[in-house]
Amino acid sequence: MRGKSVLLVIGGGIAAYKALELIRRLAERGVKTRAILTSAGAQFVTPLSVAALTGNRVFSDLFSLTDESEMGHIELSRAADLVVVAPATADLMGKLAAGLANDLASTALIATDKPILMAPAMNVRMWQSPPVRRNLETLKSDGVLFVGPGDGEMACGEFGPGRMAEPLEIIAAIEAALTNHGGPLNGLKALVTAGPTQEPLDPIRFLANRSSGKQGYAIAGALAAAGADVALVSGPVEIAPPPHVNLIKVGTARQMLRACEAQLPADIAVMSAAVADWRPESPASGKIKKDDGRAVPEIRLVENPDILATLAKSSNRPRLLIGFAAETDHVRAHASAKRARKGADWILANDVSADGEGRSVMGGDRNQIHLITVETEESWPEMSKADAARRLVQHIVRHFQETQT
Ligand code: C5P
């Protein structure tokens with residue numbers, strides 16, 4: 001890590017004193033540190049000690065003309081190889097998760113194009129509270145890295161998770177973030193499909209389905225966070241793309257197929273889109289009118305191309321081709337047959353029958369998956385779609401590590 005540089009954001013918490021030791025340990029390893037001290041952070045450590053240890057001036061004011069003329073806040077956020085937030089308070093996590101930027105620290109966190117590593121520190125109840133859990137989930141799926149917090153007695157007298165990781169643990173996480181060159185899938189190209197397709201009946205009506213795109217977007221985000229170069233080919237959905245993915249928006253199944261083929265060759269392809277199996281044979285060029293006396297129109301359907309099966313047969317077949325199977329009965333047996341029939345390497349099968357209250361996996365936030373490969377079958381517990389995406393990416397990483405050795 002010698003010769004690298006870190007932008008350290010020091011938030012307001014009793015653990016801020018450990019940030020001073022972190023700066024010293026980084027200096028010992030030849031890492032240069034610039035520091036942003038939040039106004040709450042300055043209640044716990046002084047700008048003078050931070051400046052003395054970094055050997056640099058301390059940045060704290062978004063609207064300081066002197067700061068801006070020396071080094072603008074955007075440049076400050078990008079000059080380092082890694083941004084480290086220690087202590088990461090509930091406030092800083094919440095601001096980044098929500099996209100708020102009302103001071104130098106939060107602005108730099110949003111503006112940076114470098115990886116972010118957070119070392120959270122807060123009271124155990126705060127750490128376990130639903131809003132902090134939600135923000136943690138969001139930040140993880142945005143690719144933010146975390147170290148800690150650890151368990152133990154806290155300054156406030158309570159006991160449990162919330163203690164900031166020790167400086168040497170943070171150093172180890174910094175080293176991993178700096179030497180991974182962005183992650184274990186670095187150098188691999190991934191293609192992900194997501195969302196529904198819309199098959200027009202006329203210029204204003206279409207056939208579609210309830211797919212929200214959440215699972216596919218989470219997978220694209222997790223692949224990008226692991227360092228892959230990700231193209232996300234998406235049908236119409238209402239969610240924002242994850243950072244660092246190349247989003248290609250399409251409408252129909254045939255457009256989706258063309259967009260996928262244009263992305264080949266690829267190392268990894270995850271086909272999570274709910275592609276319409278059929279489309280209206282000849283969409284009307286003008287609006288189909290409901291004129292009195294006219295018969296109810298009939299819609300003739302024709303079959304859409306199967307994107308997964310087409311890529312499986314392509315001369316440019318992705319090295320690892322993964323499909324989904326949404327089933328309502330005999331989930332594993334049907335999915336296993338589908339894997340073989342479509343020529344995929346792995347199938348992620350899930351039960352999409354509605355629960356007792358009519359909720360289905362489609363559109364929801366949680367998923368229960370069976371991973372089916374040529375040799376193995378494994379059932380995962382129910383988990384959030386973001387966690388399922390990360391678990392899938394762990395399998396993908398292992399697969400490429402094994403095939404390379
Ligand atoms: O046959 P079924 O729709 O259940 O297959 C699901 C899998 O096949 C998913 O991975 C889906 O993205 C893919 N698929 C496709 N093109 C289609 C239909 C499904 O790529 N026309």
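Student: Let's start at the ligand. Which helix and which strand each supply at least two residues of the shell around it?

Tutor: This is a predicted model, so take the shell as part of that prediction. Helix H12 (307-313) and strand S17 (320-327) each supply at least two residues of the shell around the ligand. S17 gives the most, with four residues.

Student: How many residues surround the ligand, and which are the closest?

Tutor: There are 16 around the ligand, and the closest are Met-271, Val-275, Ile-307, Leu-308 and Gly-323. Sorted by class, the shell has nine nonpolar, four polar and three charged residues.

Student: S17 must belong somewhere. How do I read a sheet, and in what order do the strands of this one come?

Tutor: The general idea is that strands of a sheet pair through backbone hydrogen bonds, either parallel or antiparallel. Here, eight strands make an open sheet in the order S13-S12-S9-S14-S17-S18-S20-S21, and the pairing is mixed. Strand S13 (245-249) and strand S21 (377-379) are at the edges with a single partner strand each, so one side of each has no neighbour in the sheet. From one strand to the next, the twist averages 15°.

Student: Take the parallel part. In what sense do S9 and S14 pair, and over how many bridges?

Tutor: Strand S9 (residues 189-194) and strand S14 (residues 268-271) pair in the parallel sense, over four bridges. To find your register, look at Val-192, whose bridge partner in S14 is Val-270.

Student: And towards the S21 edge, which way do S18 and S20 run?

Tutor: Strand S18 (residues 346-351) and strand S20 (residues 369-372) run antiparallel and are joined by four bridges. Ile-347 has Ile-372 as its bridge partner in S20. Now follow Ile-372 across: its bridge partner in S21 is Glu-377. S20 and S21 are also antiparallel, joined by three bridges, and they form a hairpin with four residues between them.

Student: What about the six-stranded sheet: what is its order, and how does it pair?

Tutor: That open sheet has the order S3-S2-S1-S4-S5-S6, with parallel pairing. Strand S3 (58-59) and strand S6 (145-146) are the edge strands, each pairing on one side only. In between, strand S1 (residues 5-10) runs parallel to strand S4 (residues 82-88), with four bridges joining them. Val-9 stands opposite Val-85 in S4.

Student: Which strands does helix H9 lie across, and at what angle to S4?

Tutor: Helix H9 (residues 167-179) lies across S1, S4, strand S5 (116-120) and S6, running at about 155° to S4.

Student: Let me try a single residue. Where is Lys-4, and how exposed is Lys-4?

Tutor: Lys-4 lies in the segment before S1. Count the other C-beta atoms within 10 Å and you get 18, so Lys-4 is partly exposed; a residue counts as buried at 20 or more and as exposed at 12 or fewer. Leaving aside neighbours within four places in sequence, Lys-4 is in contact with Val-31, Asp-81 and Leu-178. Asp-81 is 77 residues away along the chain, yet its C-alpha atom and that of Lys-4 are separated by 6.4 Å.

Student: Finally, the whole chain. Which domains does the assignment give, and how many residues of each are in contact?

Tutor: The domain assignment gives domain 1 (5-179) and domain 2 (189-404). Their C-alpha centres lie 37 Å apart. Five residues of domain 1 are in contact with nine residues of domain 2. On the domain 1 side, the touching residues divide into no nonpolar, two polar and three charged.

Definitions and conventions
Residues numbered from 1 in each chain as written. Predicted model: local features only at pLDDT ≥ 70, side-chain atom pairs only at ≥ 80, totals over all residues. Domains from an automatic or database assignment. Contact = placed C-beta atoms within 7 Å. Nonpolar A, V, L, I, M, F, W, Y, C, P; charged D, E, K, R; others polar. Near = placed C-beta within 6 Å. Pairing = 2+ DSSP bridges. Axes fitted to C-alpha atoms, helices over the stretch in contact; angles between N-to-C directions.
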